[in-house]
Amino acid sequence: MLDIKFTPTTNKKPKPDQHNLGFGNYYTDHMLIIDHTEGIGWHDARIVPYQPIQLDPAAMVLHYAMESFEGMKAYRTPEGKVQLFRPDCNAERMWNTNARMCLPQLPVEDFVQAVKALVKVEEDWVPSLPGTSLYIRPFIFADEPHLGVRTSKTHQFMIICSPVGAYYSTGINPVKIFVEDEYTRACPGGTGFTKCGGNYAASLISQVKGHELGYEQSLWLDGVEHKYVEEVGSMNCFFKIDGTIYTAPCVGTVLPGVTRRSCIALLEKWGYTVSEERLPIVDIVKASKEGKLEEVFGTGTAAVISPVGELRYEDDVCKINDGKIGDVTQRLYDTLTGIQWGTKPDDMGWTVPVE
Ligand SMILES: *Cc1c(COP(=O)(O)O)cnc(C)c1O
């Protein structure tokens, strides 16, 4: 159990218009901080007014990207209550990320307690319009001033929150995806399975290239052979081919998404076969040509489920389901959002109330 001190703000901000929240544009009144010092461990857990951080210019995170993060949401139910979705999964994932990154690991119970405590304080910031939520961003960084490359003796774990809008304000529009065959996101033995900032810095170049070609996101192939599909931007990716649903195995190069895991559980419950065998991109293109590529969708906390309407690999352009959302994609979207926002019964036991 953490002992969390609370210093309330004396200057509450006005709440933004719930119709125009967008993603990551507004921050709540408070933030949570826990310090970690080598030889002492975690100490001084506190919720304080939201404020800039003072860092020494030699702080190790600024030079060697010694940091990691998580992303999750708090949802407002029709009864006005606030709930989280599988927060223990995010806590576990950060534990695994930090083991790889030589960052201190916050125990799962403490992580969940910290998230709940901050969301409770910021309860009024959880928006209520359909599809809106409070995005929660836990993160940790090395703040020791030191220019030699080694592990840091001091770190700060923080949580900030941002009210975010409905991802699909004008209905679910399938995205166009470009298959990246030049750059690499992750390699075996690397950091692909972690949410460390460096992964995203290294992926921007593909996003820029895709945008120039008129595509919204890039689909990454494996880093060794550029042959097997892995994931899309900050989403895991699913393909329905001739009745079977495929998604890349989480073997170190793919981020183990909480939404991915939840989709697999639902699909299996509904009687679908989910294959986590590696799937070559050429097999997907072939299936498309034979009319067997039935549905493609991405999964992640931000959009929940994102249907893919077009996939471009080199000179092949695959149109999927006439650019419309498929039945399985729609069913997953309705079921998951229903559980998350409390409009459907949670028969999976995935939601956790904030009280
Ligand atoms: C966060 C993330 C995902 C999705 O994970 P969720 O837990 O479902 O939000 C997928 N891929 C990458 C690269 C990510 O950063």
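A residue is counted as near a molecule if one of its heavy atoms lies within 4 Å of that molecule. In this predicted model, local features require a pLDDT of at least 70 and side-chain atom pairs a pLDDT of 80 or more, whereas totals for chains, interfaces and linings use all residues. Residues are numbered from 1 along each chain as its sequence is written, and side-chain values use heavy atoms, with hydrogens and water left out.

Around the ligand there are 15 residues, of which Lys 195, Tyr 200, Glu 231, Thr 259 and Thr 301 come nearest. By class, this shell comprises four nonpolar, seven polar and four charged residues, where Ala, Val, Leu, Ile, Met, Phe, Trp, Tyr, Cys and Pro count as nonpolar, Asp, Glu, Lys and Arg as charged, and the others, Gly among them, as polar.

Oxygen atoms of the ligand lie close to several N or O atoms of the protein, and a pair of N or O atoms within 3.5 Å is termed a polar contact. A polar side-chain atom of Thr 301 is 2.6 Å from a ligand oxygen atom, a side-chain N or O atom of Arg 93 is 2.8 Å from a ligand oxygen atom, and a backbone N or O atom of Val 258 is likewise placed 2.8 Å from an oxygen atom of the ligand. Taken alone, the ligand exposes 380 Å², of which the protein buries 97%, with accessible areas obtained by the Shrake-Rupley method and a 1.4 Å probe.

Strand S12 (235-241) and helix H6 (258-269) are the elements that give two or more residues to the shell around the ligand; helices (H or I, at least four residues) and strands (E, at least two) are DSSP runs numbered from the N terminus.

Terms used:
Polar contact = N/O pair within 3.5 Å; in protein donor to acceptor, adjacent residues only side chain to side chain.
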